[in-house]
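Here are some notes to read alongside the model. Take a look at it first, then go through the points in order.

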Amino acid sequence: MSYRVTVPDADYFDRNIPCRTACPIHTECGRYVQAVGLSKDEEAYLLARAPNPFVYVLGRICAHPCEDACRRGKIDEPIAICALKRYATERHNLGTGHDPGRRNLPPAAKRGKRIAIVGAGVCGLTCAHDLALLGYTVEVFESAPVPGGMLYLGIPHFRLPREIIKMEVDNILALGVTLHTRVTLGRDITLSGLRQKFDSVLLATGLNKGRELNVPGAHLDGVLNGIDFLINVNLGYELKLGRRVAVVGGGNVAVDVARSALRLVQEPSWNPEPAAESLQPALDAARMALRTGAEQVCLVSLESREQMPAWQSEVREAEHEGITLENGWGPKEILGENRAVQGLKVRRCVSVFDENGRFNPAFSQEEKVLACDTVILAIGQQADLSFLGAEPSVEVTPRGTLKIDENLMTTAPGVFAGGDVAFGPRVLVEAVANGHRAARSIHVYLNGKNDRTVLSRFRLFRNWEMPRGYLGIPRQAMPVLPANRRIGIAEVELGFEEAQGRAEGLRCLKCQVNTIFDGSKCILCNGCVDICPERCLRLVDLTHLQGDERYETLLEKLLGQPSSQLRPGQASAIIKDEEKCIRCALCAQRCPTQAITMEALEQREREVFD
């Protein structure tokens with residue numbers, strides 16, 4: 001048997017921390033998880049906050065690609081990284097004024113340059129945050145009456161409390177950023193006007209239009225667009241639905257629409273003080289009396305339950321609340337009488353994608369009618385680029401997004417674009433990454449250069465131990481509000497209790513710690529291989545290994561000859577399956593010559609802006 005090997009380098013050790021690698025903003029996920037487990041809450045908060053001006057928001061609604069990559073998931077279930085981010089923020093006293101995560105930074109020297117940002121969503125506000133810290137004068141223009149973009153307009157209250165959004169936005173504005181609301185590009189201001197007044201412009205207008213469905217009956221009264229529905233609900237406008245609602249779509253927006261339709265109430269415009277626990281049932285009953293939501297809600301999706309792009313946890317909660325799933329059906333016609341919706345005719349979907357993986361649904365002859373009074377279409381989003389009517393210098397791609405280069409600049413010099421309007425629908429943490437990237441690009445375009453220096457060192461752990469019983473700790477379940485109290489804006493997920501947070505933090509495999517082998521001390525006793533509980537180590541003859549150019553260079557340096565000239569028995573190597581390693585350190589403890597140590601490659605990236 002032969003083995004393919006890769007000579008370790010800095011990238012190799014980075015890939016050994018899959019949660020951080022998977023995070024678009026490279027959050028030190030593992031380190032803040034471990035800090036929670038050790039009751040170091042302040043450290044956990046600062047680690048989570050460092051790359052993320054929306055850490056409170058993303059502690060609740062992040063798509064958590066880090067969890068999909070988590071190596072603990074290979075053993076049982078991944079670490080609840082997102083929930084622990086929320087845990088860290090909730091145990092951190094934000095106080096008033098500037099975010100404490102930035103409180104020790106000296107005020108930036110003013111640069112005399114002005115930047116306009118169109119769109120007060122996650123991407124635009126992240127860019128404003130970074131540019132303000134660099135000393136630029138930043139003004140943000142938002143067409144809605146409130147900042148936050150789809151955080152505020154598209155995500156229901158029961159998933160993201162509005163005070164959380166306000167707190168995050170206020171912390172960014174406190175850096176000196178100026179916000180203008182109810183200002184629409186193309187109506188109140190023009191792109192050419194902004195280019196004349198400002199040194200650079202970022203377009204971060206998002207995808208604020210829902211896609212339409214081209215079927216008979218699509219224009220009947222009672223047919224609503226999912227994005228418009230959520231915007232109206234979240235802004236507090238009065239909406240009346242029929243008793244029976246059918247929501248078409250299988251993504252997160254469709255699930256949000258369905259859950260919102262079920263609990264739609266007319267909330268007061270004022271914000272009352274939090275009620276005592278004894279009064280909460282009475283207030284819930286009062287909200288129920290105000291309810292104008294649907295009695296029955298069904299979710300119609302082309303995909304099977306397993307194929308639905310919506311998060312499975314959200315789908316389960318929707319079912320728990322009484323929403324019916326109609327999986328594997330696609331709309332054929334919206335039925336009506338006297339211009340009012342009476343039902344939705346659907347046909348069986350036998351496949352969603354073709355043999356090349358492209359979206360190309362195929363249907364059988366099987367049909368049925370779902371009785372309903374309202375149909376809400378949540379089948380995708382698109383950008384409203386009408387503001388480009390008199391701006392031929394900004395080109396649009398065939399996908400309907402703004403054309404950009406590798407630095408996020410559009411075809412108009414000095415005009416940048418980021419977020420969904422540039423890349424199409426993406427998760428929120430990607431929007432944060434885009435905001436950071438846009439700020440760097442704008443800075444370099446205007447008058448600066450960006451120098452990065454990475455300082456690396458290995459830190460030795462002489463008495464390394466994992467927490468007792470860490471492999472036996474199950475993933476902690478998020479506490480949720482009982483279904484009979486999920487009325488109006490009440491937040492469904494309640495956050496971890498302290499014991500849960502500490503236990504979940506202790507489950508981390510601490511992937512930043514590596515087994516480092518010193519070949520000059522190894523006596524080939526095979527003790528590390530024998531004791532490894534996961535069988536992730538193997539001692540092999542070098543003649544069984546194949547590698548890249550770096551491997552050949554290493555052999556020349558160590559043995560003075562290429563691999564092709566090696567003889568069986570001349571030299572050996574220890575190979576390791578990093579996917580299986582649980583950092584138990586038994587190999588290091590067993591080694592009689594101390595050839596194996598537990599060490600972490602620690603890197604500090606220093607970014608210098610001139």
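**Notes on the sheet and its surroundings**

1. Let's start with helix H17, residues 428-446: this helix lies across E2, E5 and E16, and runs at about 160 degrees to E5. Keep in mind that this is a predicted model.

2. The strands under that helix belong to an open sheet of five, in the order E4-E3-E2-E5-E16, with parallel pairing. Strand E4 (178-180) and strand E16 (415-417) sit at the edges with a single partner strand each, so one side of each has no neighbour in the sheet. From one strand to the next, the twist averages 20 degrees.

3. How many bridges join strand E5 and E16? Three, and E5 (residues 200-203) pairs with E16 in the parallel sense. Look for valine 201, whose bridge partner in E16 is valine 415.

4. Another helix to find is H8, residues 122-133. Helix H8 lies across strand E2 (114-118), strand E3 (137-141) and E5, and its direction is about 165 degrees to E3.

5. Now move on to helix H18 (residues 498-506). Its buried residues are Gln500, Gly501, Arg502, Ala503, Glu504 and Gly505. Among the elements covering them are helix H3 (29-37), helix H4 (41-49) and helix H7 (81-90).

6. Finally, the whole chain. It has 21 helices and 22 strands, and 50% of its 610 residues are buried. Of the contacts between residues at least 6 apart in sequence, 75% join residues at least 24 apart. The chain exposes about 29,400 Å², with carbon and sulfur atoms supplying 50% of that area.

Definitions and conventions:
Residues are numbered from 1 along each chain as its sequence is written. This is a predicted model: local features need pLDDT of at least 70, side-chain atom pairs count only at pLDDT 80 or more; totals for chains, interfaces and linings use all residues. Side-chain values use heavy atoms; hydrogens and water are left out. Buried means under 20% relative accessible area, exposed over 50%, partly exposed in between (1.4 Å probe, protein chains only). Helices (H or I, at least four residues) and strands (E, at least two) are DSSP runs, numbered from the N terminus. Contact means heavy atoms within 4.5 Å. Two strands pair if DSSP finds at least two bridges between them. Axes are lines fitted to C-alpha atoms, for helices over the stretch in contact, and angles run from 0 to 180 degrees between N-to-C directions. Accessible areas come from the Shrake-Rupley method with a 1.4 Å probe; for residues, only the protein chains shown count as cover.
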